[in-house]
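Trainee: Got a minute to look at something with me? I'd like to talk it through.
Mentor: Sure, put it up and ask away.

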Amino acid sequence: MKPKGRRPYFTIFGLAFAFWLGIEAQHRGYVNFARENPREIYRLLIQHLQLVFISGSIAVALGLGIGIVLTRGFMRRYREVTLSILGICQTVPSIAVIAIAMTYLGIGSKTAIFALVVYSLLPIIRNTVAGIFQLDPALVDAGQGMGMTPRQVLFKVEIPNAMYIILTGIRTAVVINVGTAAMSFLVGAGGLGDLIFTGIAMVDAGLMLAGAVPTACLAVLLNWGFERLENLLISPGIPRGE
Amino acid sequence: MIELDRVTKTYPGATQPAVESISLRVPEGEICVFIGPSGCGKTTLMRLINRLIPISSGSISVNGQNIMGLDPIELRRRIGYVIQQVGLFPHMTVRDNIGTVPKLLGWTKAKIDERVDELLTLVNLNPKSFRDRYPRQLSGGQAQRIGVARAMAANPPIMLMDEPFGAIDPINREVLQDEFLSIHAKLRKTVIFVTHDINEAIKMGQRIALLNEGRLVQTGLPDELLNRPANEFVKNFVGTDRVLKRLNLLKVKDAMMLNPVHCLDDDASEKVLEQMIRQDLAFLIVADRDHRLRGYVNRRDLRGHKGKVGDVAGRLTLTVSPERNLKEALSQMLSYDLGILVVVDEAGHIQGVLNSTTLFKLVGDTYDERGGHWERITAGGRIL
């Protein structure tokens, strides 16, 4: 949390800066496209959101699942290997992942979603594993000793206490995903990347900004949304890493 | 009641069993301490009882039922479990932590809330200010009090405690030990208490099982371990000051002499002085007719005094309660250089006297020297 006293200045400064940017953009004619094609921007924004939402949901479900399985005792042997393979995969640039996916899945949103899922998996898995492993083993011991079933130990003890780290992983993944999703245009899946890449190709700053500004706003907004979610989902008893 | 019959545990891949052929019976309502050097298998042995570790051979029965015939989850819910690291769940309030097992058992919220307040009171924490706190807002001692309360939430007849007070500072440890003993005196649960601290074992245990390298070396009453160590290992483990440790075990009432020599406050001074000279007493306890302590007199006070003893009796402020242990009593005697302590109960009635000679004799077994002056003070009845 930022100190409360500084907030108004911060907001006022931010608003003034945005206002100035707006005037400047207006002056140079950058907002003309956006003013004339609000429906087009809206359509692409929804498409972008869909890509992020669908790939994000799949990645969260898969990532949490894999992460949890990796922390179970019987996976002890494969944990390190799996995590390092995933780490190596993550070093492949996103555009290469999209290209590779395209050679198998062809053109379309399926390819884009697949690539986005692959790309957001690692932070989620890694944080789930780390979140559960950093717990004091005494918690699990106490849970078991009191007669919790393995499932109860997982859902009532391990996950709630690892929630902060797990959610951080999901937030990172989703926010990165918003940016990466812009590349979906390259495999014909649409999204705000459509405007950005066309704008770049046509050296049309107005077109480019019409795609880039909503993309950036979306990322900031989602990040803020996740912060809110963290406050809701994480027990006040757990110290935050601040 | 817990019965172990030739219990053995060998971890996979280990050449030596961690616990080897241990047979032991812990009667209902008793605190049995498992003690031994680290790695002796005491914690393993304890964890075999609630099946956190599977047994290799032998059998364990709890209240007459073989644990292998019970569902481990059900079994554990009926056994309280306290560990050194406390293991309170950080994301839950104190209330939810204590209510964990009752909730697993499906109690109603109202019943759980009532039980939580009852337990907080039992462990000397104010329910109002503690039930909504989170574990990170508790001190170590408070956290372990909650840990004990949590283990007792569903009123299990049996409790397993693995070095429960081991991580607590020495002053608070004493307090928690005392509190637990008084709780135990009320609730009479069967307790397995693991520790590596011989002083704690002697204090907490009604029975002590001393383990070494996975084997049971000696079991018995604390006094037996101190007084009749089975071998060199036990002797070394309990320490060379074992005689002093026995002082912790014995209460003042076990060592005091009953019916000490005394006079009444309305006895005539002259007669009392005459008796004191005849019996060679330097001073004398003064009581009233209800046997309450009034003070003491010495010959000098009485010499030449005509009247009642009560008028010249000096006040005796240093007394000891019959329930204190001998270590505390001895420490009092040493710090005030007293050869004798009058034992007085809460109502002020004289129960007896404790003198250093008999105390040494009782503890040391071998100490045998004429008691001299104090001996006569403590032998029988009213002087007149």
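Trainee: How much accessible surface does chain A have?
Mentor: About 13600 Å², and 70% of that belongs to carbon and sulfur atoms. Keep in mind that this is a predicted model.

Trainee: And what share of chain A counts as buried?
Mentor: Of its 242 residues, 40% do.

Trainee: How many helices and strands are there in chain A?
Mentor: There are 10 helices and 0 strands. Along its principal axes, the C-alpha trace spans about 70 × 55 × 25 Å.

Trainee: What about contacts along the sequence?
Mentor: Take the contacts in chain A between residues at least 6 apart in sequence: 73% of them join residues at least 24 apart.

Trainee: Switching topic, where do the domains of chain A fall?
Mentor: The assignment puts domain 1 at 1-36 and domain 2 at 37-233. Their centres, taken over C-alpha atoms, are separated by 29 Å. The contact involves 6 residues from domain 1 of chain A and 10 residues from domain 2 of chain A.

Trainee: How much area is buried between those two domains?
Mentor: About 690 Å², with carbon and sulfur atoms giving 69%. On the domain 1 side, Tyr30(A), Phe33(A) and Ala34(A) lose the most area to domain 2, together 77% of what that side buries.

Trainee: Now helix α7 of chain A. Which of its residues are buried?
Mentor: That helix covers residues 137-145, and the buried ones are Ala138(A), Leu139(A), Asp141(A), Ala142(A), Gly143(A) and Gly145(A).

Trainee: What covers them?
Mentor: The cover includes α8 (150-181) of chain A, together with parts of chain B: α1 (42-49), α2 (72-77), β6 (79-83) and α7 (140-151).

Trainee: Anything to note just past the end of that helix?
Mentor: Yes, Gly147(A) comes just after α7(A) and takes a positive phi of about 95°.

Trainee: Since chain B came up, how much area is buried between chain A and chain B?
Mentor: About 1900 Å², of which carbon and sulfur atoms give 64%. Asp141(A), Gly145(A) and Met146(A) supply 29% of the area that chain A buries against chain B, more than any other three residues. Asp141(A) and Gly145(A) are also among the buried residues of α7(A).

Trainee: How many residues does each chain bring to that contact?
Mentor: Chain A brings 21 residues and chain B brings 22.

Trainee: Last one: how far apart are the mean positions of the positive and negative charges in chain A?
Mentor: They lie 5 Å apart, counting 19 positive and 12 negative charges.

Technical notes
Residues numbered from 1 in each chain as written. Chains lettered and ligands numbered in written order. Predicted model: local features only at pLDDT ≥ 70, side-chain atom pairs only at ≥ 80, totals over all residues. Heavy atoms only, no water. Helix = DSSP H or I, 4+ residues; strand = E, 2+ residues; numbered from the N terminus. Buried < 20%, exposed > 50% of the residue type's maximum accessible area, 1.4 Å probe, protein only. Contact = heavy atoms within 4.5 Å. Areas by Shrake-Rupley, 256 points an atom, 1.4 Å probe, with all protein chains shown as cover. Lys, Arg positive; Asp, Glu negative; His and termini not counted. Charge placed at Lys NZ, Arg CZ, Asp CG, Glu CD. Domains from an automatic or database assignment. Buried area = accessible area lost by both parts, 1.4 Å probe.
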